[in-house]
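I opened this notebook to record what I looked up in one structure, entry by entry. The sequence and model come before the entries.

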Amino acid sequence: MAFHPTPRQLSLIKAVIFVLALLPFARMVWLTYSGQLVEPLEFITRGTGDWTLYFLCIGLGVTPLRRFTQWHWLIKLRRMLGLFAFFYASLHFTTFLWFDHFFDLAAMWKDVLRRPFITVGFIAFVLLIPLAVTSTNGMVKRLGGKRWQWLHRLVYLIAPLGILHYWWMKAGKNNFAQPILFGCIVALLLLIRVYFAWNRRVQNAKLVR
Ligand code: HEM
């Protein structure tokens, strides 16, 4: 089904997604301040970690969805979705730094190095920073399309690192159901993208011949 939104409709779609993407954050703030949580630290750390992963998956899903539906305008939503992954990752990290270590950077650093699941999460977060910083149109121009694209392929590393972090955390509790589910989702999304890249090469080679 072909659907090509007008610029006005696209702005509306973006505004709706923006508000929806902020709802989990609003819910966390509300539940914390209204005193309804028994373990607010655990709730916020886990909630922000979950939403980082959801937005990484949604962002990775844009290209396959765009190809399958031919809704090419979906690409215009990808930057915002990626920035929401970074937003929730920053909250996740800040929660850890704030409530776990009261902004004691030395203690935080020790913890990052001591607990492997945190080391992996930290690496994923650090790798997200250049993607967020270079997400503007100005940075795309400054870096040049090709270099920008290469840099943004870091997401192929960040998503599996996010899964490994989740897996490792749950391994302590012998509870693998969710990491396996998200691992399969990320693997499928990455495989679809590898297939598209391979297919494009084959088509280009045919054109050259
Ligand atoms: C892209 C980066 C990251 C992703 C995708 C991510 C994702 C997650 C997920 C999905 C959870 C489990 C939530 C649940 O149980 O429902 C989690 C937990 C956690 N993460 Fe992350 N995380 C990332 C980065 C980080 C960083 C940078 C730190 C700290 C330096 C961190 C520290 C933690 C901690 C302390 C927990 C909770 C462990 C517990 O409650 O026992 N994460 N993360």
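The entries below go from the overall fold to the ligand, one helix pair and a few single residues.

**Entry 1. Overall fold**

I noted at the outset that this is a predicted model. I then counted secondary structure elements and found 9 helices and 0 strands in the protein. Read along the sequence, the pattern is accordingly α-α-α-α-α-α-α-α-α. I took the extent of the C-alpha trace along its principal axes, which is about 60 × 40 × 40 Å. For burial, I found that 20% of the 209 residues count as buried. I also looked at contacts between residues at least 6 apart in sequence, and 64% of these join residues at least 24 apart.

**Entry 2. Annotations from the record**

I consulted the UniProt entry, which is unreviewed, and its annotation "transmembrane region" covers residues 12-31, 51-68, 80-99, 119-138, 150-168 and 180-198. I checked two of these spans against the model. Residues 119-138 are 85% helix and 0% strand, with the end C-alpha atoms 32 Å apart. Residues 150-168 are 89% helix and 0% strand, and there the end C-alpha atoms are 28 Å apart.

The unreviewed UniProt entry also lists "domain: Ferric oxidoreductase" for residues 62-162. In the model I found that span to be 84% helix and 0% strand, with its end C-alpha atoms 18 Å apart.

**Entry 3. Surroundings of the ligand**

I asked which residues are the closest to the ligand. They are Gly49, Gly121, Ala124, Phe125 and Gly162, within a shell of 23 residues. Helix H2 (40-69), helix H3 (75-100), helix H5 (116-133) and helix H8 (155-171) are the elements that give two or more residues to this shell. I noted that H2 supplies the largest share, 7 residues. Sorted by class, the shell holds 13 nonpolar, 7 polar and 3 charged residues.

**Entry 4. The pair H2 and H8**

I next turned to H2 and H8, both of which contribute to the ligand shell. Two packed helices are described by the angle between their axes and the distance between the axes, so I looked up both values. The axes of H2 and H8 come within 11 Å and cross at roughly 145 degrees. I recorded the crossing as left-handed. On the H2 side the contact is made by Thr52, Leu53, Leu56 and Leu60, which meet Val155, Ile158, Ala159, Gly162 and Tyr166 in H8. By class, this contact has 7 nonpolar, 2 polar and no charged residues. Gly162 of this contact is also listed among the residues closest to the ligand.

**Entry 5. Leu97 and the loop after H3**

I located Leu97 in helix H3. Is Leu97 buried, exposed or partly exposed? Leu97 counts as partly exposed because it has 16 C-beta neighbours inside 10 Å, and a buried residue would need 20 or more. Leaving aside neighbours within four places in sequence, I found Leu97 in contact with Phe103 and Met108. The C-alpha atoms of Leu97 and Trp109, which are 12 residues apart along the chain, are separated by 9.6 Å.

I then followed the chain into the loop between H3 and helix H4 (105-114), where Phe102 lies. Phe103 also lies in the loop between H3 and H4. Most residues other than glycine have a negative phi. Against that background I noted that Phe102 has a positive phi of about 45 degrees. For Phe103, phi is positive too, near 60 degrees. I checked exposure for each: Phe102 counts as exposed because it has 9 C-beta neighbours inside 10 Å. Phe103 has 10 such neighbours and therefore also counts as exposed.

**Entry 6. Lys170**

I closed with Lys170, whose place is in helix H8. With 16 C-beta neighbours inside 10 Å, Lys170 counts as partly exposed. What does Lys170 touch, not counting residues up to four places away in sequence? I found Asn175, Phe176, Gln178 and Pro179. I also looked up a pair farther apart in the chain: Lys170 and Phe117 are 53 residues apart in sequence and 9.5 Å apart in space, C-alpha to C-alpha.

Technical notes: Residues are numbered from 1 along each chain as its sequence is written. This is a predicted model: local features need pLDDT of at least 70, side-chain atom pairs count only at pLDDT 80 or more; totals for chains, interfaces and linings use all residues. UniProt positions are given in the numbering used here, feature names are shortened, and annotations may be inferred rather than shown by experiment. Helices (H or I, at least four residues) and strands (E, at least two) are DSSP runs, numbered from the N terminus. A residue is near a molecule or strand if its C-beta atom, placed from the backbone, lies within 6 Å of it. Ala, Val, Leu, Ile, Met, Phe, Trp, Tyr, Cys and Pro count as nonpolar, Asp, Glu, Lys and Arg as charged, and the others, Gly among them, as polar. Axes are lines fitted to C-alpha atoms, for helices over the stretch in contact, and angles run from 0 to 180 degrees between N-to-C directions. A crossing is left-handed if the near helix is turned anticlockwise from the far one by less than a right angle, and right-handed if clockwise. Two residues are in contact if their C-beta atoms, placed from the backbone, lie within 7 Å. A residue is buried if 20 or more other C-beta atoms lie within 10 Å of its own, exposed if 12 or fewer, and partly exposed in between; C-beta atoms are placed from the backbone.
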